[in-house]
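This briefing is meant for someone opening the structure below for the first time. It moves through helix packing, then the ligand site, then the backbone of two loops.

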Amino acid sequence: MDNDVSTTPRALATEAVHAGREDLAALGLHAPPLDLSTTYPSYDTRAEAARIDEFAGTGARPDGPPVYARLDNPTTARFEDALARLEGTDSAVAFASGMAALTAVLLVRASLGLRHVVAVRPLYGCSDHLLTAGLLGTEVTWTDPAGVADAIRPDTGLVMVETPANPTLAEVDLDALAHSCGSVPLLVDNTFATPVLQQPVRHGARIVLHSATKYLGGHGDVLGGVVACDEEFARALRQVRFATGGVLHPLAGYLLLRGLSTLPVRVRAASATAAELVRRLSADPRVARVHYPSIGGAMIAFEVYGDPHAVTAGVRLITPAVSLGSVDTLIQHPASISHRIVAEGDRRAAGVSDRLLRMSVGLEDVEDLWRDLTQALSAPAAGTPRPAADAIPEPRPAAR
Ligand SMILES: *Cc1c(COP(=O)(O)O)cnc(C)c1O
């Protein structure tokens, strides 16, 4: 048995509070320092030139102090190291937002002439839009997981999925999908699951993307994105980040590192509450259908028989707002907000019905949440009782 504390692998909950902080005691510190410098003194210009050449050539993180804040920041680097540890990857590279992170991944692949992306709907509305609009010179083929192998072309640079997906919570079998991808990198947006519930690299993904704005930050007060991957891909991402400038602000890096320390506790507590709300919603005659992933989590989607707008207008404790993953519970109507930018036909075909509501369950008491939800569902239009079986068509099943 190995009792050496320096070599025994640590549990996720332990990594969440210690990763990225290993050097603090030697620095005589307990809380991580926040470095807001935009530039750093360099009295030895020849050595600085060599460091710049090294970064331009390899994309490796510079040793010693950064040259300039667009290149690297020590506070953000602590968050990157910690997230990489939680996802089980060599490295992680942080960005100003989830969308800046996805942009950098697409630019890395496009710079190699690999402009074609194979993607599975649904994706977060703006990710769908970025691919569909081809803003970065990419071209997308939408397919279901079973169609991925056939959709791959010689110029395919990326296969992209979300699981559980935003907003339907549809799940993809990552082991099977990774097999279909062959040598094409598989990007999994792990924003909903977080590394607490799922580590996509263990299932064959090469690239793991997070909107850190959501669960990683966890308090609704920081915008950020991060890509966890092997060091080779991280080097290419750092070069793109330096050239395009979508860096994370160091205060955001500080808050995200702090958020990671409570991530396992928050996700487990909110998931337990979500599972109980799923049980109650599933038994409620005002609710047509409830979607909840097999891996669990704190996100719920459900379809109502009545007017979904009356539900979002009727909540009092729960906040009707886009975004997710905060300590407080949020509810929103994807067809109006998070997925508004996706064309109506594409949205419906992906299972995003006009009756679908998406709820991000927070850390409030389950009875208080249920009381608010059930009174909102009782609003006159929201609580339209279950119609006769032939009066309206059943909501279509969510696309897998
Ligand atoms: C919010 C979100 C994004 C975009 O992240 P931002 O931080 O808002 O740029 C990407 N993917 C998923 C699944 C999201 O929920």
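In this predicted model, the axes of helix H2, residues 45-58, and helix H9, residues 231-244, come within 8 Å and cross at roughly 115°. That crossing angle makes H2 roughly perpendicular to H9. Helix H9 also meets a second helix, H4, and the points below take up both contacts before turning to the ligand and the loops.

**Helix H9 and its contacts**

- On the H2 side, the contact with H9 is made by Phe 55, Ala 56, Gly 57 and Thr 58, while H9 brings Arg 235, Arg 238, Gln 239 and Phe 242 to it.
- Sorted by character, the residues where H2 touches H9 comprise three nonpolar, three polar and two charged.
- The axes of helix H4, which spans residues 98-110, and of H9 come within 9 Å and cross at roughly 105°; H4 and H9 are therefore roughly perpendicular to each other, since angles of 65 to 115 degrees count as such.
- From H4, the residues Ala 104, Val 105, Leu 107, Val 108 and Arg 109 meet Phe 233, Ala 236, Leu 237, Val 240 and Thr 244 of H9.
- In this contact of H4 with H9, eight of the residues are nonpolar, one is polar and one is charged.

**The ligand and its surroundings**

- The ligand is surrounded by 14 residues, of which the closest are Gly 98, Asp 189, Ser 211, Thr 213 and Lys 214.
- By character, the shell around the ligand divides into four nonpolar, seven polar and three charged residues.
- Two of the listed polar distances involve the backbone: a backbone N or O atom of Gly 98 lies 2.9 Å from an oxygen atom of the ligand, and a backbone N or O atom of Met 99 likewise lies 2.9 Å from an oxygen atom of the ligand.
- Thr 213 takes part through its side chain, where an N or O atom is 2.7 Å from an oxygen atom of the ligand.
- Taken alone, the ligand would expose 380 Å², and the protein buries 92% of that area.

**Backbone features in the loops**

- Arg 121 and Pro 122 are joined by a cis peptide bond, with omega about -5°, and Pro 122 has its place in the loop between strand S2 (116-120) and helix H5 (125-133).
- A cis peptide bond also joins Asn 166 and Pro 167, here with omega about 10°, and Pro 167 lies in the loop that runs between strand S4 (156-162) and helix H7 (174-181).
- Leu 169 is likewise placed in the loop between S4 and H7, and its phi is near 70°, a positive value in a residue other than glycine.

How values were computed
Residues numbered from 1 in each chain as written. Predicted model: local features only at pLDDT ≥ 70, side-chain atom pairs only at ≥ 80, totals over all residues. Heavy atoms only, no water. Axes fitted to C-alpha atoms, helices over the stretch in contact; angles between N-to-C directions. Helix = DSSP H or I, 4+ residues; strand = E, 2+ residues; numbered from the N terminus. Parallel < 35°, antiparallel > 145°, perpendicular 65-115°, else oblique. Contact = heavy atoms within 4.5 Å. Nonpolar A, V, L, I, M, F, W, Y, C, P; charged D, E, K, R; others polar. Near = heavy atom within 4 Å. Polar contact = N/O pair within 3.5 Å; in protein donor to acceptor, adjacent residues only side chain to side chain. Areas by Shrake-Rupley, 256 points an atom, 1.4 Å probe, with all protein chains shown as cover.
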